[in-house]
Amino acid sequence: MQNRAALGITYLCLGILIFSVQDAIIKAVSGSYPLTQVVATRGVVAIPLLLAFVHIESGLSSIFARNVWPLAGRALLLLVAYTSYYMAFPALPLADAVALYFTVPLFMLALAAPLLGEAIGWRRITAVCVGFIGVMVMLRPGAGLFEPAALLSLFSAATYALAMLMARKMGNDVSASVMSFYQNGVYLIGALLIAGFFHATGIHQASHKSIEFLIRPWVWPNLHDFLLIASCGVIAAVAMTLLTNAYRIAKASIVASFEYTGMLWAPLWGFLFFGEVPYLTTVAGAGLIIASGLFALSSPAAREDKAAEGRAER
């Protein structure tokens, strides 16, 4: 018998792992290319992959869903979320930007009860708080957190949390691949509209790195950079579908704690790609993150959710 809670957690952890690679790529190209060019290129590459996912999961006809506007609204929220998130990269150390973004589970727990009517017990709240402490221990946040761009990461966390809760609410009617297809389409259209606006107005320079990353004019990439940027399309297609599926089939209050697993990959990519040796605090923080996730999964409320889902499936 399939355990929907465990499957949702697996989807989320895989999606977070795959997306962590994209963070490193976008950080690497943020000094040379505009964000709109990166997002647009990624969107074009992702289209055929997402169409294949839709065909396999629910058939291409499911793209013409009856609830188009809720899907488009959710995708627009995610466009705002990820644009804000990536705009913080040029101005903040990657670790600081990611740490602030991982307030997502806190926003989800705050919103899950009023929006979805999910019961949030003290164990889950404790698990998320302990996980957040683990993030802070791991990253040893410094003065970079007081950079105004830090507000971009926090804003992206809030809008992302709201969009994922919407996925849970629509989960019984729309497949994850269809949600991801709409999400990618809005990303592509939004990036082109933003780029077109700044091109038409002639605004191409700004004093702040985050804004400059958004409004910088497009340039022709070399082959190496093009392949890096294009790979984000493959990453996005796969990871978006996994993350959407996670919140579609499992309660947000269960899977939210596992968003923190993304912080396990940041020091690894730093070591492999940039020669950064993890501190002891990194190991300690990772231990807290893993412990908080296991605590949330093993709580009585989580076991009751699993039992209820098992009875429904039977």
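Is Phe 295 buried or exposed, or does it fall in between? With a relative accessible area of 28%, Phe 295 is partly exposed; the class covers values between buried (under 20%) and exposed (over 50%), with a 1.4 Å probe and protein chains only.

This is a predicted model, in which local features need pLDDT of at least 70, side-chain atom pairs count only at pLDDT 80 or more, and totals for chains, interfaces and linings use all residues. Residues are numbered from 1 along each chain as its sequence is written, and side-chain values use heavy atoms, leaving out hydrogens and water.

Let us stay with Phe 295 for a moment. Its place is in helix α13 (residues 280-297); helices are DSSP runs of H or I with at least four residues, numbered from the N terminus. Phe 295 and Arg 124 are 171 residues apart in sequence, yet their C-alpha atoms are 7.9 Å apart in space.

Here are three residues with their helices and accessibilities.

| Residue | Helix | Relative accessibility |
|---|---|---|
| Phe 271 | α12 (residues 262-274) | 43%, partly exposed |
| Thr 83 | α3 (residues 68-87) | 16%, buried |
| Asn 184 | α8 (residues 176-201) | 3%, buried |

Thr 83 and Asn 184 each have a polar partner. A polar atom of the Thr 83 side chain lies 2.7 Å from the backbone oxygen of Leu 79, while the side chain of Asn 184 reaches the backbone oxygen of Gly 43 at 3.0 Å. Beyond residues up to four places away in sequence, Thr 83 touches Leu 35 and Leu 214, where contact means heavy atoms within 4.5 Å. On the same basis, Asn 184 touches residues including Arg 42, Ala 46 and Met 240.

Now to the interior. The largest nonpolar core has 74 residues, and Leu 12, Tyr 82 and Tyr 86 are among those with the most contacts inside it. Such a core is a set of buried Ala, Val, Leu, Ile, Met, Phe, Trp, Tyr and Cys residues joined through side-chain atoms within 4.5 Å. Helix α10 (residues 223-249) gives the largest share of this core, 11 residues. Apart from it lies another core of seven residues, among them Ile 63 and Tyr 182. In soluble globular proteins, nonpolar side chains tend to be buried together.

Some nonpolar residues lie outside, however: Leu 268, Phe 271, Leu 272, Phe 273, Phe 274 and Val 277 form a surface patch with about 620 Å² of accessible area together.

Note on methods. Patch = residues over 30% accessible without salt bridge, like charges linked within 9 Å, V, L, I, M, F, W, Y side chains within 5 Å. Areas by Shrake-Rupley, 256 points an atom, 1.4 Å probe, with all protein chains shown as cover. Salt bridge = Lys/Arg side-chain N within 4 Å of Asp/Glu carboxyl O. Helix = DSSP H or I, 4+ residues; strand = E, 2+ residues; numbered from the N terminus. Polar contact = N/O pair within 3.5 Å; in protein donor to acceptor, adjacent residues only side chain to side chain.
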